[in-house]
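Visitor: Could you take me through one part of this protein slowly, as if I had never looked at a sheet before? I'd like to see what sits beside what.

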Amino acid sequence: MLKLKHGVYVLLGTALFYASCSSKSEEAVQPNIANETITQASLKFTNQSNPADTPSCTYTFHLDNNDNVTSVDSTTLKLKANSKYNGVVYMLDQTQTPVFVVSNEIKQRENYHLFFYQPTPINTAPVISNTSPYIPGTPVTPSLPPLNLSIVRTDHDTNNPPMQVGLTTVFTTGGASSGNLRFVLRHQPNAKNGTYAPGSSDLDVNFITVIQ
C-alpha cells in the first residue's frame with residue numbers, strides 16, 4: 001500500500017485506480033468485460049433539511065501525455081453534524097474527447113457494479129451483509145474517536161432479485177468528528193452477489209472527512 005498526501009492511500013499502485021484494473025487479484029469474473037477508466041470521482045450531497053447545504057468531495061488523477069498518473073488531488077468532505085444527506089456519485093474519464101461521464105455508464109452497467117463506503121476510524125466492527133455498504137476486514141480502532149457517519153445505498157439494479165448499486169446514498173451524521181471515508185467501486189460482471197469479494201476494483205480511494 002502506497003501512502004499519498006492528505007491521508008489518501010492507493011492500493012497496488014496509483015495507476016490501478018484510474019486505469020482499467022485488468023489484473024484480477026480475487027475471484028475471476030466472466031465474461032471478460034473491461035474495467036472502467038476513471039480519472040475523476042466526486043461525491044455530491046444535498047442536506048435533506050437544508051437544500052442550500054450542498055457539500056462535495058473530489059478525487060482527481062493527473063496524467064502525462066502517455067496517460068500515466070503523475071499526481072493526485074483530493075478535497076475534504078465537510079458535513080454538518082446530526083444531519084441527513086442525499087448523495088450522488090459523479091465520475092469522469094477525461095482521457096476522452098469530449099469528456100466521458102463514467103457514472104452514466106455505471107448506471108447502464110449497474111448489474112455488475114457495486115459501490116462500497118467505509119468510514120474510519122470505527123470503534124465497533126461494521127455489520128457486513130448483502131445490503132451493507134461497508135468493507136469486510138475493516139480494522140477496529142477503539143482507542144481513537146470514531147467518525148460519526150453511517151451510510152445506506154438507495155438504488156437497485158435489475159438483477160433478479162434486485163441488488164443495491166450505490167450510485168445514490170443517504171449519509172447520516174452524528175456528533176462532530178473527523179476521519180476518512182474509503183470509497184470503492186467493485187467491477188463484478190456475471191459475479192455480482194451483493195458482497196465485496198467477487199471481481200476487482202475500478203476505483204479505491206480515501207477522502208478526509210470532517211463532521212462539524
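**A close look at one sheet**

Guide: Let's begin with one pair of residues: Ser 177 stands opposite Ile 211 in strand 13. Keep in mind that you are looking at a predicted model.

That pair belongs to a long meeting of two strands. Strand 12, residues 177-187, and strand 13 run antiparallel, and eleven bridges join them. Now zoom out a little. These two strands are part of an open sheet of four strands, in the order 6-13-12-9 and with mixed pairing. At the edges you'll find strand 6 (77-79) and strand 9 (113-120), each of which pairs on one side only. Neighbouring strands in this sheet are turned against each other by 30° on average, if you ignore direction.

On its other side, who keeps strand 13 company? Strand 13, residues 200-211, pairs with strand 6 in the parallel sense, over three bridges. One place to spot this is Lys 78, whose bridge partner in strand 13 is Val 210.

How covered is strand 13? Mostly: ten of its twelve residues are buried. Phe 207 is a good case to check, because its relative accessible area is 0%, which makes it buried. Over in strand 12, Phe 183 counts as buried too, because its relative accessibility is 0%.

Those two Phe residues are worth a longer stop. A search of the whole structure turns up nine aromatic pairs. In the pair of Phe 183 and Phe 207, the ring centres are 6.5 Å apart and the planes make an angle of 35°, so we call the pair tilted. Phe 183 is in strand 12 and Phe 207 is in strand 13, so this pair ties together parts 24 residues apart in sequence. Both rings also belong to one aromatic cluster, made up of Phe 45, Tyr 59, Phe 61, Tyr 85, Phe 115, Tyr 117, Phe 171, Phe 183 and Phe 207.

While you have rings on screen, look for charges over them. The charged end of Arg 186 sits over the ring of Tyr 196, 4.5 Å from its centre. You can find another such arrangement at Phe 116, where the charged end of Arg 153 sits over the ring, 4.8 Å from its centre.

Next, slide to the loop between strand 6 and strand 7 (84-93), where you'll meet Ala 81. Is Ala 81 buried, partly exposed or exposed? Its relative accessibility is 22%, so it counts as partly exposed. The cut-off for buried is under 20%. Leaving out neighbours within four places in sequence, Ala 81 is in contact with Thr 173, Gly 174, Gly 175, Ala 176, Ile 211 and Gln 212. Spot Ile 211 in that list: it's the residue that Ser 177 stands opposite. The C-alpha atoms of Ala 81 and Asn 148 are separated by 8.6 Å, although the two are 67 residues apart along the chain.

For one last stop, leave this sheet's four strands and find Ser 42 in strand 3, residues 40-47. Ser 42 counts as buried, because its relative accessibility is 5%. Its side chain makes a polar contact of 2.8 Å with the side chain of Thr 58. Setting aside residues up to four places away in sequence, Ser 42 touches Cys 57, Thr 58, Val 88, Val 89 and Tyr 90.

Methods:
Residues numbered from 1 in each chain as written. Predicted model: local features only at pLDDT ≥ 70, side-chain atom pairs only at ≥ 80, totals over all residues. Heavy atoms only, no water. Pairing = 2+ DSSP bridges. Axes fitted to C-alpha atoms, helices over the stretch in contact; angles between N-to-C directions. Buried < 20%, exposed > 50% of the residue type's maximum accessible area, 1.4 Å probe, protein only. Contact = heavy atoms within 4.5 Å. Polar contact = N/O pair within 3.5 Å; in protein donor to acceptor, adjacent residues only side chain to side chain. Phe/Tyr/Trp six-rings, centres within 6.5 Å; stacked < 30°, edge-to-face > 60°. Lys NZ or Arg CZ within 6 Å of the ring centre and 35° of its normal.
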